[in-house]
Amino acid sequence: MNFELKKIFLRKGKEESLGRFHPWIFSGAIHHTEGSSALEEGDIVEVLASDGRFLAIGHWQIGSIAVRVLTFKRQPIDQAFWQKRLAAALDVRKTIGVASKEEIVKSKSSNSKCNDIYRLVHGEGDNLPGLVIDIYGATAVMQAHSVGMHVCRNELAAALREVMGESLKAIYYKSETTLPFKAQLGQEDGFLWGESNDNIARENGLAFHIDWLKGQKTGFFVDQRDNRSLVEYYAKGRRVLNMFCYTGGFSVYAMRGGAELVHSVDSSAKAVELVDANIELNFPGDTRHNAFAEDAFKFMEQMQERYNLIILDPPAFAKHKDALKNALRGYTKLNAKAFEKIQSGGILFTFSCSQAVNKDQFRTAVFTAAAMAHRKVRILHQLHQPADHPINIYHPEGEYLKGLVLYVE
Ligand code: SAH
C-alpha cells in the first residue's frame with residue numbers, strides 16, 4: 001500500500017466478531033492507537049489484533065461504535081473503492097427491478113412499472129456503513145450517519161456520478177440531523193453537485209412530491225413500497241384509515257386500489273399538507289380522501305367504528321434498548337385501540353420500525369392488544385423491509401422494519 005494509515009490495536013480476544021465479518025468495533029475493544037498524529041474523527045484507520053495481525057480498515061469516530069469497517073482486505077480507500085461499492089449496490093437494485101429502465105422513467109407514465117424512487121445504498125446492508133443514498137428521479141439524496149462518510153462526501157459524490165451516469169442530474173446532501181452533534185462539523189445541508197427543483201418522483205407509477213429540503217429522513221419513506229402495494233391489493237371497496245400517514249404513501253395506493261374512502265391522520269400539519277398535495281397529484285378532485293392533523297391516540301379514541309382497513313405505521317417508539325419496555329407498552333396501547341374500533345371482517349396493517357424491538361417482541365405486543373380487545377385475529381401476512389433495504393447477513397442489527405397484516409373477525 002502506498003499510504004500510511006493510523007493504527008488501532010484491539011484488546012486480546014476482541015477480534016472475534018471481525019472473524020464473523022461483523023462491521024462494528026465497539027470502543028471497549030480498543031487497546032491503543034498508533035500513528036504520527038492523534039486520531040481525528042472520520043479518519044480511515046487500520047485495525048490490528050493484539051499480536052499485530054491485520055484485521056480490517058474502517059472509519060473511526062468517538063462513540064460506542066468506534067470503528068465502522070469498510071473492508072476486511074488491505075486496500076486503498078479511494079474513489080475507485082467507492083465506485084466499486086456503489087456499482088455493486090446499483091447492480092442489486094437492477095436485479096430486484098426497482099431501478100427501472102430509463103425509457104420508462106422518461107415517459108413519466110403512470111404505468112405501475114414506472115419506478116424511480118428507490119434506496120441505492122442502505123448502510124451496512126451494502127457494505128457502506130454510515131451511508132444512505134436514496135434516488136428520487138434524477139436527484140440522489142445522500143445522508144451520512146458517520147463522521148467518516150461525511151469526510152468522504154465529495155469523493156462519494158464523484159463516484160456516484162460515475163456509476164449513475166446520465167440518469168443523475170443532482171446530488172443533495174442531507175446530514176444536519178444524522179451526524180453526531182458533538183463532532184462539531186458545522187454541517188449544512190445543500191447540493192453537492194447540480195441543482196434540481198423537480199422534486200416529483202414515481203413509485204410504482206404513482207407520483208409523489210419529495211421534500212428533501214425539510215422532509216423527514218431523506219424526504220420520503222422509501223421502505224414501505226412493497227407494503228403499500230399490499231394495501232392497494234386489499235383496498236377495493238374498503239373504508240381506509242391511514243394513521244401516521246406522513247406523505248400519504250399508503251393513502252395514495254389505497255385510492256388506486258379502489259377504496260370507498262380514505263382518511264389520513266398525522267400530528268404534523270406539514271404532513272397533512274403533503275398528503276393532500278400527493279392525493280391531488282394522482283387523483284385531482286377526488287372526494288374520497290380527507291386528511292386530519294391530529295394526535296393518533298386522540299383521533300382513535302374519538303373516532304367512530306366505521307373503518308374496515310386500518311394502517312398503523314408509527315415512528316420508532318424505541319430509539320434505544322433502554323426504551324424497550326415503554327415502547328412495547330406503546331405498541332400494545334395503539335394496537336388495542338385499533339382492534340377495539342375496527343369493523344368485523346376488517347384488515348389491520350400494523351408496523352414497527354424500531355430496530356430495538358424484534359419480530360417476536362412486536363408480535364407479543366400485538367397479541368396482547370388483540371386479547372385486550374377480545375377479538376378473533378388471524379395473521380395473513382408477515383411483512384418486512386423491502387429488498388432495496390438489504391440486510392448484511394453478518395449484521396443482523398440491520399433488520400428493523402416489521403409488520404403484520406391481520407384479519408379481525
Ligand atoms: N406511514 C408513513 C411514514 C410514517 S412516519 C409513510 O408511509 O410515509 C411517522 C409519522 O408519524 C410522522 O409523519 C410523524 O409526524 C407522525 N406522528 C408522530 N407522532 C404522532 C402522533 N402521536 N399522532 C399522529 N402522528 C404522529
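Colleague: Before we look at G219, how are the helices and strands defined and numbered here?

Modeller: Happy to start there, and please keep in mind that this is a predicted model. Helices are DSSP runs of H or I with at least four residues, and strands are runs of E with at least two. Both are numbered from the N terminus.

Colleague: Thanks! In which loop does G219 lie?

Modeller: On one side of that loop is the strand at 206-209, and on the other is the helix at 225-234. Using their labels, G219 lies in the loop between β13 and α6.

Colleague: Is G219 buried or exposed?

Modeller: The cut-off for buried is under 20% relative accessible area. G219 has a value of 0%, so G219 counts as buried.

Colleague: Which residues is G219 in contact with, leaving aside its neighbours within four places in sequence?

Modeller: Here contact means heavy atoms within 4.5 Å. With those neighbours set aside, the partners of G219 are Y136, I210, D211, W212, Y246 and T247.

Colleague: And how far apart in space are G219 and K174?

Modeller: In sequence, 45 residues separate G219 and K174. From C-alpha to C-alpha, the distance between them is 9.5 Å.

Colleague: Let's turn to the ligand. Which residues come nearest to it?

Modeller: There are 16 residues around the ligand. By class, that shell has 7 nonpolar, 4 polar and 5 charged residues. Those that come nearest are R228, D266, D295, A296 and D313.

Colleague: Which residue has a side-chain N or O atom 2.7 Å from a nitrogen atom of the ligand?

Modeller: Let's go through the polar contacts in turn. S267 uses a polar backbone atom, 3.1 Å from a ligand nitrogen, while D295 places a polar side-chain atom 2.8 Å from a nitrogen of the ligand. The side chain at 2.7 Å belongs to D313.

Colleague: How much of the ligand's area does the protein bury?

Modeller: Taken alone, the ligand exposes 580 Å². Of that area, the protein buries 88%.

Colleague: Stepping back, what is the radius of gyration of the chain, and what would a compact globule have?

Modeller: The C-alpha trace spans about 70 × 50 × 35 Å along its principal axes. For 409 residues, a compact globule would be near 22 Å, so the chain agrees with that expectation at 23 Å.

Colleague: Last one: what share of the residues in the chain is buried?

Modeller: The chain has 11 helices and 20 strands. Among contacts between residues at least 6 apart in sequence, 66% join residues at least 24 apart. Of the 409 residues, the buried share is 55%.

Note on methods. Residues numbered from 1 in each chain as written. Predicted model: local features only at pLDDT ≥ 70, side-chain atom pairs only at ≥ 80, totals over all residues. Heavy atoms only, no water. Near = heavy atom within 4 Å. Polar contact = N/O pair within 3.5 Å; in protein donor to acceptor, adjacent residues only side chain to side chain. Areas by Shrake-Rupley, 256 points an atom, 1.4 Å probe, with all protein chains shown as cover. Nonpolar A, V, L, I, M, F, W, Y, C, P; charged D, E, K, R; others polar. Rg over C-alpha atoms; globule rule 2.2 N^0.38 Å. Buried < 20%, exposed > 50% of the residue type's maximum accessible area, 1.4 Å probe, protein only.
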